[in-house]
Amino acid sequence: MLVVFIFFAFGFVFLSILILHKSVSKQNETTYHHSSLSGSMGWPFIGETISFFKPHRSDSIGTFLQQHVSRYGKVFKSNICGGKAIVSCEQELNMFILHNEGKLFTSDYPKAMHDILGEYSLLLVTGEVHRKLRNVIISFINLTKSKPEFLLCAENLSISMLASWKNCREIEFHNEVKMFTLSVMVNQLLSIKPEDPARRYVLQDFLSYMKGFISLPVPLPGTAYTNAIKARKRLSARVMEMIKSRENKEEEMNKALREEDFLDVLMSSEDLNYEEKVSIVLDILLGGFETSATLLSLVVYFLAKSPSLLQKLKEEHEAIRAKKGDGELLNWKDYQKMEFTQCVMSEALRCGNIVKTVHRKATHDIKFKEYVIPKGWKVFPIFTAVHLDPSLHENPFEFNPMRWTDKAKMNRKMTAFGGGVRVCPGGELGKLQIAFFLHHLVLSYRWQTKSDEMPIAHPYVEFKRGMLLEIDPTS
(Lines give C-alpha, C1' and ligand atoms only; values in the text may rest on other atoms or scores of the structure.)
Protein backbone atom coordinates (compact mmCIF):
# COMPACT_ATOMS: atom_id res chain seq x y z
CA MET A 1 0.00 0.00 0.00
CA LEU A 2 2.91 2.34 0.81
CA VAL A 3 4.48 1.68 -2.60
CA VAL A 4 1.17 2.40 -4.31
CA PHE A 5 0.74 5.62 -2.32
CA ILE A 6 4.26 6.81 -3.16
CA PHE A 7 3.73 5.96 -6.82
CA PHE A 8 0.50 7.96 -7.02
CA ALA A 9 2.02 10.81 -5.04
CA PHE A 10 4.95 11.10 -7.43
CA GLY A 11 2.58 10.78 -10.36
CA PHE A 12 0.43 13.60 -9.03
CA VAL A 13 3.46 15.85 -8.42
CA PHE A 14 4.81 15.13 -11.90
CA LEU A 15 1.49 15.96 -13.52
CA SER A 16 1.20 19.11 -11.42
CA ILE A 17 4.64 20.25 -12.59
CA LEU A 18 3.60 19.78 -16.22
CA ILE A 19 0.34 21.66 -15.69
CA LEU A 20 2.11 24.47 -13.82
CA HIS A 21 4.77 24.73 -16.54
CA LYS A 22 2.08 25.17 -19.20
CA SER A 23 0.26 27.72 -17.04
CA VAL A 24 3.43 29.78 -16.47
CA SER A 25 4.33 29.60 -20.17
CA LYS A 26 0.94 31.02 -21.14
CA GLN A 27 1.22 33.82 -18.58
CA ASN A 28 4.66 34.77 -19.89
CA GLU A 29 3.13 35.45 -23.31
CA THR A 30 1.41 38.54 -21.87
CA THR A 31 2.21 41.19 -19.32
CA TYR A 32 2.77 39.70 -15.88
CA HIS A 33 0.17 40.82 -13.35
CA HIS A 34 -0.22 40.54 -9.58
CA SER A 35 -3.45 40.53 -7.60
CA SER A 36 -3.63 42.88 -4.63
CA LEU A 37 -5.75 40.32 -2.76
CA SER A 38 -4.36 38.50 0.25
CA GLY A 39 -4.24 34.72 0.41
CA SER A 40 -1.95 31.72 0.42
CA MET A 41 -0.29 29.90 -2.49
CA GLY A 42 0.15 26.68 -0.50
CA TRP A 43 2.70 24.02 -1.32
CA PRO A 44 5.08 24.20 -4.32
CA PHE A 45 3.55 22.86 -7.53
CA ILE A 46 0.26 21.52 -6.08
CA GLY A 47 -0.68 24.74 -4.25
CA GLU A 48 -3.87 24.31 -2.21
CA THR A 49 -5.64 22.01 -4.68
CA ILE A 50 -5.97 19.03 -2.32
CA SER A 51 -7.31 21.13 0.57
CA PHE A 52 -9.70 23.01 -1.73
CA PHE A 53 -11.28 19.82 -3.07
CA LYS A 54 -11.16 17.84 0.17
CA PRO A 55 -14.59 16.23 0.78
CA HIS A 56 -16.78 17.87 3.42
CA ARG A 57 -20.45 18.06 4.39
CA SER A 58 -22.32 19.65 1.49
CA ASP A 59 -24.51 21.58 3.94
CA SER A 60 -21.40 23.45 5.12
CA ILE A 61 -18.63 25.40 3.37
CA GLY A 62 -15.92 23.08 4.71
CA THR A 63 -12.83 23.71 6.82
CA PHE A 64 -10.70 25.12 3.98
CA LEU A 65 -13.13 27.93 3.14
CA GLN A 66 -13.97 28.61 6.80
CA GLN A 67 -10.31 29.17 7.62
CA HIS A 68 -9.49 31.20 4.51
CA VAL A 69 -12.54 33.47 4.73
CA SER A 70 -11.81 34.07 8.40
CA ARG A 71 -8.18 34.91 7.64
CA TYR A 72 -8.35 36.68 4.26
CA GLY A 73 -11.98 37.73 3.70
CA LYS A 74 -14.67 36.52 1.28
CA VAL A 75 -12.41 36.94 -1.76
CA PHE A 76 -8.84 35.67 -1.67
CA LYS A 77 -6.05 34.40 -3.90
CA SER A 78 -4.74 30.85 -4.00
CA ASN A 79 -3.01 28.28 -6.21
CA ILE A 80 -5.48 25.64 -7.44
CA CYS A 81 -5.34 23.10 -10.28
CA GLY A 82 -1.84 24.18 -11.29
CA GLY A 83 -2.37 27.92 -11.55
CA LYS A 84 -2.89 31.18 -9.69
CA ALA A 85 -6.52 31.56 -8.72
CA ILE A 86 -9.11 33.89 -7.20
CA VAL A 87 -11.67 32.25 -4.91
CA SER A 88 -14.89 34.23 -4.40
CA CYS A 89 -17.38 33.67 -1.60
CA GLU A 90 -19.11 37.00 -2.28
CA GLN A 91 -22.51 37.13 -3.95
CA GLU A 92 -21.98 40.22 -6.11
CA LEU A 93 -18.64 39.07 -7.51
CA ASN A 94 -20.03 35.60 -8.19
CA MET A 95 -22.92 37.04 -10.20
CA PHE A 96 -20.50 39.32 -12.06
CA ILE A 97 -18.40 36.30 -13.03
CA LEU A 98 -21.36 34.20 -14.15
CA HIS A 99 -22.98 36.96 -16.20
CA ASN A 100 -19.78 37.88 -17.99
CA GLU A 101 -19.08 34.42 -19.39
CA GLY A 102 -17.76 34.85 -22.93
CA LYS A 103 -16.93 38.51 -22.33
CA LEU A 104 -14.46 38.67 -19.45
CA PHE A 105 -14.33 35.01 -18.40
CA THR A 106 -14.23 31.63 -20.09
CA SER A 107 -14.77 28.01 -19.01
CA ASP A 108 -11.51 26.51 -17.72
CA TYR A 109 -11.87 22.92 -16.52
CA PRO A 110 -8.75 20.73 -16.06
CA LYS A 111 -7.58 18.61 -18.99
CA ALA A 112 -8.63 15.44 -17.15
CA MET A 113 -12.25 16.66 -17.33
CA HIS A 114 -11.89 17.19 -21.09
CA ASP A 115 -10.60 13.63 -21.47
CA ILE A 116 -13.59 12.24 -19.57
CA LEU A 117 -16.40 14.49 -20.82
CA GLY A 118 -15.32 14.65 -24.46
CA GLU A 119 -14.67 17.47 -26.90
CA TYR A 120 -18.28 18.57 -27.34
CA SER A 121 -19.57 18.48 -23.75
CA LEU A 122 -21.74 21.51 -22.97
CA LEU A 123 -19.67 22.02 -19.82
CA LEU A 124 -16.51 22.61 -21.87
CA VAL A 125 -17.40 24.13 -25.25
CA THR A 126 -17.49 27.90 -25.67
CA GLY A 127 -18.79 30.57 -28.04
CA GLU A 128 -20.96 29.63 -30.99
CA VAL A 129 -20.64 25.87 -30.44
CA HIS A 130 -21.91 26.29 -26.86
CA ARG A 131 -24.88 28.36 -28.04
CA LYS A 132 -25.77 25.80 -30.72
CA LEU A 133 -25.64 22.78 -28.41
CA ARG A 134 -27.40 24.60 -25.57
CA ASN A 135 -30.29 25.58 -27.86
CA VAL A 136 -30.74 21.93 -28.84
CA ILE A 137 -30.87 20.87 -25.18
CA ILE A 138 -33.36 23.64 -24.35
CA SER A 139 -35.57 22.40 -27.18
CA PHE A 140 -35.51 18.92 -25.58
CA ILE A 141 -36.50 20.39 -22.19
CA ASN A 142 -39.39 22.39 -23.65
CA LEU A 143 -40.58 19.51 -25.80
CA THR A 144 -40.43 16.96 -22.98
CA LYS A 145 -42.06 18.79 -20.07
CA SER A 146 -45.13 19.60 -22.19
CA LYS A 147 -45.62 15.96 -23.25
CA PRO A 148 -48.29 13.97 -21.40
CA GLU A 149 -46.12 10.89 -22.10
CA PHE A 150 -43.35 12.31 -19.91
CA LEU A 151 -45.70 12.90 -16.97
CA LEU A 152 -47.16 9.41 -17.44
CA CYS A 153 -43.70 7.84 -17.58
CA ALA A 154 -42.44 9.67 -14.47
CA GLU A 155 -45.52 8.78 -12.43
CA ASN A 156 -45.77 5.14 -13.50
CA LEU A 157 -42.09 4.56 -12.73
CA SER A 158 -42.59 6.24 -9.33
CA ILE A 159 -45.52 3.96 -8.49
CA SER A 160 -43.64 0.89 -9.72
CA MET A 161 -40.52 1.63 -7.67
CA LEU A 162 -42.46 2.35 -4.47
CA ALA A 163 -44.45 -0.85 -4.94
CA SER A 164 -41.17 -2.81 -5.17
CA TRP A 165 -40.30 -1.66 -1.62
CA LYS A 166 -43.46 -3.18 -0.18
CA ASN A 167 -41.68 -5.95 1.76
CA CYS A 168 -38.51 -4.01 2.53
CA ARG A 169 -37.54 -2.61 5.92
CA GLU A 170 -34.42 -0.83 4.62
CA ILE A 171 -33.49 0.56 1.21
CA GLU A 172 -30.43 2.30 -0.23
CA PHE A 173 -32.49 5.29 -1.29
CA HIS A 174 -29.85 7.20 -3.26
CA ASN A 175 -29.05 4.22 -5.49
CA GLU A 176 -32.74 3.44 -5.95
CA VAL A 177 -33.67 6.93 -7.10
CA LYS A 178 -30.68 7.04 -9.44
CA MET A 179 -32.27 4.10 -11.23
CA PHE A 180 -35.63 5.90 -11.19
CA THR A 181 -34.35 9.17 -12.69
CA LEU A 182 -32.16 7.36 -15.22
CA SER A 183 -35.12 5.21 -16.29
CA VAL A 184 -37.22 8.32 -16.94
CA MET A 185 -34.47 9.97 -18.98
CA VAL A 186 -33.46 6.99 -21.15
CA ASN A 187 -37.11 6.35 -21.88
CA GLN A 188 -37.68 9.89 -23.13
CA LEU A 189 -34.35 10.19 -24.93
CA LEU A 190 -33.78 6.74 -26.38
CA SER A 191 -37.03 4.75 -25.88
CA ILE A 192 -35.23 2.31 -23.54
CA LYS A 193 -37.94 0.66 -21.45
CA PRO A 194 -37.63 -0.20 -17.72
CA GLU A 195 -37.47 -3.93 -18.50
CA ASP A 196 -34.61 -3.48 -21.01
CA PRO A 197 -31.27 -4.81 -19.59
CA ALA A 198 -29.49 -1.90 -21.35
CA ARG A 199 -30.85 0.42 -18.66
CA ARG A 200 -28.71 -1.16 -15.91
CA TYR A 201 -25.58 -1.20 -18.10
CA VAL A 202 -26.03 2.50 -18.82
CA LEU A 203 -26.32 3.23 -15.08
CA GLN A 204 -23.17 1.25 -14.28
CA ASP A 205 -21.21 3.15 -16.93
CA PHE A 206 -22.48 6.51 -15.66
CA LEU A 207 -21.41 5.66 -12.10
CA SER A 208 -17.89 4.89 -13.37
CA TYR A 209 -18.06 8.07 -15.41
CA MET A 210 -18.84 10.14 -12.29
CA LYS A 211 -16.02 8.64 -10.20
CA GLY A 212 -13.52 9.84 -12.79
CA PHE A 213 -14.36 13.47 -12.03
CA ILE A 214 -12.68 13.29 -8.62
CA SER A 215 -9.76 11.03 -9.54
CA LEU A 216 -6.11 11.75 -10.20
CA PRO A 217 -5.49 11.84 -13.98
CA VAL A 218 -3.30 8.74 -13.95
CA PRO A 219 -3.62 6.89 -17.30
CA LEU A 220 -3.00 3.40 -15.92
CA PRO A 221 -5.27 0.32 -16.14
CA GLY A 222 -7.75 0.05 -13.30
CA THR A 223 -7.62 3.67 -12.12
CA ALA A 224 -10.87 5.62 -11.76
CA TYR A 225 -9.62 8.04 -14.42
CA THR A 226 -9.02 5.28 -16.97
CA ASN A 227 -12.29 3.52 -16.08
CA ALA A 228 -14.20 6.78 -16.57
CA ILE A 229 -12.74 7.29 -20.04
CA LYS A 230 -13.60 3.70 -20.96
CA ALA A 231 -17.14 4.13 -19.59
CA ARG A 232 -17.69 7.22 -21.72
CA LYS A 233 -16.45 5.37 -24.80
CA ARG A 234 -18.94 2.57 -24.12
CA LEU A 235 -21.78 5.04 -23.62
CA SER A 236 -20.82 6.91 -26.79
CA ALA A 237 -20.63 3.67 -28.77
CA ARG A 238 -24.06 2.62 -27.50
CA VAL A 239 -25.69 5.91 -28.58
CA MET A 240 -23.82 5.93 -31.90
CA GLU A 241 -24.98 2.39 -32.59
CA MET A 242 -28.59 3.45 -31.99
CA ILE A 243 -28.20 6.40 -34.36
CA LYS A 244 -26.70 4.21 -37.11
CA SER A 245 -29.39 1.60 -36.62
CA ARG A 246 -32.18 4.13 -36.95
CA GLU A 247 -30.69 5.47 -40.15
CA ASN A 248 -31.35 2.12 -41.80
CA LYS A 249 -34.50 1.90 -43.89
CA GLU A 250 -35.60 -1.20 -41.97
CA GLU A 251 -35.66 0.82 -38.77
CA GLU A 252 -37.77 3.48 -40.43
CA MET A 253 -40.38 0.81 -41.08
CA ASN A 254 -40.33 -0.14 -37.39
CA LYS A 255 -40.56 3.47 -36.20
CA ALA A 256 -44.34 3.31 -36.35
CA LEU A 257 -44.23 0.68 -33.61
CA ARG A 258 -42.88 3.15 -31.02
CA GLU A 259 -43.46 6.77 -30.06
CA GLU A 260 -41.03 9.38 -31.35
CA ASP A 261 -38.27 10.14 -28.86
CA PHE A 262 -35.71 12.91 -28.67
CA LEU A 263 -33.07 10.88 -30.53
CA ASP A 264 -35.39 10.95 -33.57
CA VAL A 265 -35.60 14.75 -33.28
CA LEU A 266 -31.83 15.00 -32.84
CA MET A 267 -31.13 12.88 -35.89
CA SER A 268 -33.21 15.18 -38.06
CA SER A 269 -30.90 18.12 -37.29
CA GLU A 270 -28.49 18.77 -40.16
CA ASP A 271 -26.48 21.33 -38.16
CA LEU A 272 -24.99 18.70 -35.84
CA ASN A 273 -22.30 16.12 -36.56
CA TYR A 274 -22.39 12.62 -35.07
CA GLU A 275 -20.07 13.49 -32.18
CA GLU A 276 -22.19 16.50 -31.22
CA LYS A 277 -25.36 14.42 -31.26
CA VAL A 278 -23.81 11.77 -29.03
CA SER A 279 -22.45 14.40 -26.63
CA ILE A 280 -25.86 16.08 -26.32
CA VAL A 281 -27.47 12.76 -25.37
CA LEU A 282 -24.80 12.05 -22.74
CA ASP A 283 -25.01 15.59 -21.32
CA ILE A 284 -28.79 15.36 -20.93
CA LEU A 285 -28.54 11.91 -19.34
CA LEU A 286 -25.81 12.98 -16.92
CA GLY A 287 -27.56 16.16 -15.85
CA GLY A 288 -31.03 14.65 -15.90
CA PHE A 289 -30.35 11.58 -13.81
CA GLU A 290 -27.53 12.57 -11.45
CA THR A 291 -28.77 16.04 -10.45
CA SER A 292 -32.39 14.96 -10.08
CA ALA A 293 -31.51 11.89 -8.01
CA THR A 294 -29.29 13.96 -5.72
CA LEU A 295 -31.95 16.64 -5.18
CA LEU A 296 -34.58 14.00 -4.42
CA SER A 297 -32.25 12.37 -1.88
CA LEU A 298 -31.50 15.73 -0.26
CA VAL A 299 -35.22 16.49 0.08
CA VAL A 300 -35.84 13.13 1.79
CA TYR A 301 -32.76 13.63 4.02
CA PHE A 302 -33.82 17.07 5.27
CA LEU A 303 -37.48 16.05 5.71
CA ALA A 304 -36.42 13.09 7.88
CA LYS A 305 -34.98 15.62 10.33
CA SER A 306 -38.06 17.88 10.18
CA PRO A 307 -41.26 15.93 11.06
CA SER A 308 -43.46 19.04 11.12
CA LEU A 309 -42.35 20.02 7.61
CA LEU A 310 -42.89 16.48 6.37
CA GLN A 311 -46.43 16.58 7.78
CA LYS A 312 -47.10 19.91 6.04
CA LEU A 313 -45.86 18.43 2.76
CA LYS A 314 -48.02 15.36 3.23
CA GLU A 315 -51.10 17.51 3.83
CA GLU A 316 -50.51 19.35 0.55
CA HIS A 317 -50.40 16.07 -1.36
CA GLU A 318 -53.36 14.62 0.51
CA ALA A 319 -55.38 17.66 -0.62
CA ILE A 320 -54.36 17.08 -4.23
CA ARG A 321 -55.12 13.36 -4.02
CA ALA A 322 -58.52 14.01 -2.43
CA LYS A 323 -59.67 15.74 -5.62
CA LYS A 324 -58.54 12.89 -7.87
CA GLY A 325 -60.49 9.79 -8.76
CA ASP A 326 -59.39 6.39 -7.50
CA GLY A 327 -56.15 5.55 -9.33
CA GLU A 328 -56.30 8.76 -11.38
CA LEU A 329 -52.84 9.98 -12.39
CA LEU A 330 -51.41 13.45 -11.86
CA ASN A 331 -51.30 16.14 -14.52
CA TRP A 332 -49.65 19.51 -15.15
CA LYS A 333 -52.33 21.39 -13.17
CA ASP A 334 -51.69 19.19 -10.15
CA TYR A 335 -47.99 20.03 -10.37
CA GLN A 336 -48.79 23.74 -10.36
CA LYS A 337 -50.71 23.27 -7.08
CA MET A 338 -47.62 21.85 -5.33
CA GLU A 339 -46.51 25.21 -3.93
CA PHE A 340 -45.02 23.97 -0.67
CA THR A 341 -43.33 21.13 -2.55
CA GLN A 342 -41.60 23.76 -4.69
CA CYS A 343 -40.41 25.55 -1.54
CA VAL A 344 -39.07 22.28 -0.10
CA MET A 345 -37.11 21.49 -3.28
CA SER A 346 -35.66 25.00 -3.48
CA GLU A 347 -34.59 24.93 0.17
CA ALA A 348 -32.97 21.51 -0.31
CA LEU A 349 -30.98 22.99 -3.18
CA ARG A 350 -29.87 25.91 -0.99
CA CYS A 351 -28.90 23.78 2.00
CA GLY A 352 -27.58 20.72 0.15
CA ASN A 353 -25.53 22.47 -2.56
CA ILE A 354 -25.45 20.05 -5.48
CA VAL A 355 -22.93 22.30 -7.28
CA LYS A 356 -20.19 23.81 -5.10
CA THR A 357 -18.40 25.87 -7.75
CA VAL A 358 -17.51 26.18 -11.44
CA HIS A 359 -14.14 26.63 -13.15
CA ARG A 360 -13.54 29.93 -14.95
CA LYS A 361 -10.53 31.91 -16.19
CA ALA A 362 -10.15 35.67 -16.68
CA THR A 363 -9.57 36.59 -20.34
CA HIS A 364 -8.83 40.26 -19.51
CA ASP A 365 -7.40 42.24 -16.63
CA ILE A 366 -10.50 42.91 -14.53
CA LYS A 367 -11.29 45.32 -11.73
CA PHE A 368 -14.57 44.80 -9.87
CA LYS A 369 -15.13 47.03 -6.86
CA GLU A 370 -11.86 46.79 -4.91
CA TYR A 371 -10.94 43.41 -6.40
CA VAL A 372 -8.31 43.02 -9.14
CA ILE A 373 -8.36 39.82 -11.21
CA PRO A 374 -5.33 39.51 -13.54
CA LYS A 375 -5.70 38.10 -17.03
CA GLY A 376 -5.04 34.36 -17.17
CA TRP A 377 -5.86 33.69 -13.50
CA LYS A 378 -8.33 30.94 -12.64
CA VAL A 379 -11.55 32.02 -10.91
CA PHE A 380 -13.73 29.93 -8.59
CA PRO A 381 -17.11 31.44 -7.59
CA ILE A 382 -18.25 29.43 -4.55
CA PHE A 383 -22.02 28.93 -4.66
CA THR A 384 -22.12 27.10 -1.31
CA ALA A 385 -20.67 30.11 0.52
CA VAL A 386 -23.42 32.40 -0.81
CA HIS A 387 -26.19 29.90 -0.04
CA LEU A 388 -24.99 29.64 3.58
CA ASP A 389 -24.01 33.29 4.09
CA PRO A 390 -25.56 34.61 7.36
CA SER A 391 -25.55 38.15 5.93
CA LEU A 392 -27.93 36.97 3.18
CA HIS A 393 -29.98 34.29 4.93
CA GLU A 394 -31.35 34.33 8.46
CA ASN A 395 -30.25 31.16 10.29
CA PRO A 396 -28.62 29.90 7.06
CA PHE A 397 -27.98 26.35 8.33
CA GLU A 398 -31.64 25.83 9.22
CA PHE A 399 -33.75 23.92 6.70
CA ASN A 400 -36.68 26.31 6.39
CA PRO A 401 -38.77 26.06 3.18
CA MET A 402 -40.97 28.95 4.34
CA ARG A 403 -38.23 31.42 3.44
CA TRP A 404 -39.15 30.67 -0.19
CA THR A 405 -42.57 32.31 0.07
CA ASP A 406 -40.78 35.33 -1.42
CA LYS A 407 -39.39 33.38 -4.36
CA ALA A 408 -38.19 36.38 -6.37
CA LYS A 409 -36.11 37.67 -3.46
CA MET A 410 -34.60 34.26 -2.74
CA ASN A 411 -33.74 33.59 -6.38
CA ARG A 412 -31.45 36.63 -6.33
CA LYS A 413 -29.46 34.93 -3.56
CA MET A 414 -29.28 31.51 -5.22
CA THR A 415 -27.13 29.99 -7.93
CA ALA A 416 -28.04 26.34 -7.44
CA PHE A 417 -27.95 25.69 -11.19
CA GLY A 418 -25.24 28.22 -12.08
CA GLY A 419 -26.03 31.47 -13.85
CA GLY A 420 -25.62 33.54 -16.98
CA VAL A 421 -25.31 31.75 -20.34
CA ARG A 422 -24.32 28.51 -18.59
CA VAL A 423 -27.26 28.23 -16.19
CA CYS A 424 -28.50 24.64 -16.20
CA PRO A 425 -31.54 24.54 -18.53
CA GLY A 426 -33.05 21.36 -17.08
CA GLY A 427 -33.87 22.45 -13.53
CA GLU A 428 -37.63 22.62 -14.05
CA LEU A 429 -37.75 19.23 -15.77
CA GLY A 430 -35.92 17.65 -12.85
CA LYS A 431 -38.24 19.24 -10.29
CA LEU A 432 -41.26 17.94 -12.17
CA GLN A 433 -40.31 14.27 -11.90
CA ILE A 434 -39.15 14.77 -8.28
CA ALA A 435 -42.50 16.32 -7.33
CA PHE A 436 -44.42 13.38 -8.83
CA PHE A 437 -42.20 10.90 -6.97
CA LEU A 438 -42.61 12.80 -3.67
CA HIS A 439 -46.39 12.81 -4.11
CA HIS A 440 -46.53 9.02 -3.94
CA LEU A 441 -43.67 8.66 -1.45
CA VAL A 442 -45.19 10.84 1.30
CA LEU A 443 -48.59 9.15 0.86
CA SER A 444 -47.11 5.64 0.93
CA TYR A 445 -44.25 5.56 3.45
CA ARG A 446 -42.72 6.93 6.63
CA TRP A 447 -38.93 6.89 6.86
CA GLN A 448 -35.91 7.47 9.05
CA THR A 449 -32.24 8.02 8.16
CA LYS A 450 -29.29 6.62 10.09
CA SER A 451 -28.09 8.94 12.85
CA ASP A 452 -24.69 9.47 11.23
CA GLU A 453 -26.00 10.02 7.69
CA MET A 454 -24.88 13.20 5.92
CA PRO A 455 -24.49 14.60 2.39
CA ILE A 456 -20.85 14.95 1.37
CA ALA A 457 -19.42 17.18 -1.39
CA HIS A 458 -16.79 15.26 -3.40
CA PRO A 459 -17.33 17.87 -5.12
CA TYR A 460 -20.51 16.19 -6.50
CA VAL A 461 -22.79 15.12 -3.65
CA GLU A 462 -22.84 11.60 -2.30
CA PHE A 463 -24.11 10.30 1.06
CA LYS A 464 -22.01 8.77 3.81
CA ARG A 465 -24.27 5.69 4.02
CA GLY A 466 -25.85 5.92 0.57
CA MET A 467 -29.02 7.32 2.20
CA LEU A 468 -29.88 4.01 3.88
CA LEU A 469 -33.52 4.48 4.94
CA GLU A 470 -35.64 2.56 7.39
CA ILE A 471 -39.09 2.60 5.82
CA ASP A 472 -42.55 1.76 7.07
CA PRO A 473 -45.70 1.77 4.89
CA THR A 474 -48.41 4.20 5.93
CA SER A 475 -51.79 2.77 6.78
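Which ring does the charged end of Lys244 sit over? The ring is that of Tyr274, and the charged end of Lys244 lies 4.0 Å from its centre. Keep in mind that this is a predicted model. Another lysine turns up in a similar spot: Lys312 lies over the face of Phe340, at 5.2 Å from the ring centre.

Now for rings that meet other rings. The structure holds 19 aromatic pairs. A pair of aromatic rings is described by the distance of the centres and the angle of the planes. Here are two of the pairs:

| Pair | Arrangement | Centre to centre | Angle between planes |
|---|---|---|---|
| Tyr72 and Phe76 | tilted | 6.4 Å | 40 degrees |
| Phe140 and Phe262 | edge-to-face | 4.6 Å | 65 degrees |

Let's take Tyr72 and Phe76 to begin with. Tyr72 has a relative accessible area of 21%, so it counts as partly exposed, since buried means under 20%. Its partner Phe76 is buried, with a relative accessible area of 0%. These two residues also belong to a cluster linked by ring pairs, along with Phe52, Phe53, Phe64 and Phe380.

Then there's Phe140 with Phe262. Both residues are buried. Where do Phe140 and Phe262 lie? Phe140 is in helix α6, which covers residues 127-145, while Phe262 is in helix α12, covering residues 262-267. Because of that, the pair ties together parts that are 122 residues apart in sequence.

Notes:
Residues numbered from 1 in each chain as written. Predicted model: local features only at pLDDT ≥ 70, side-chain atom pairs only at ≥ 80, totals over all residues. Heavy atoms only, no water. Phe/Tyr/Trp six-rings, centres within 6.5 Å; stacked < 30°, edge-to-face > 60°. Buried < 20%, exposed > 50% of the residue type's maximum accessible area, 1.4 Å probe, protein only. Helix = DSSP H or I, 4+ residues; strand = E, 2+ residues; numbered from the N terminus. Lys NZ or Arg CZ within 6 Å of the ring centre and 35° of its normal.
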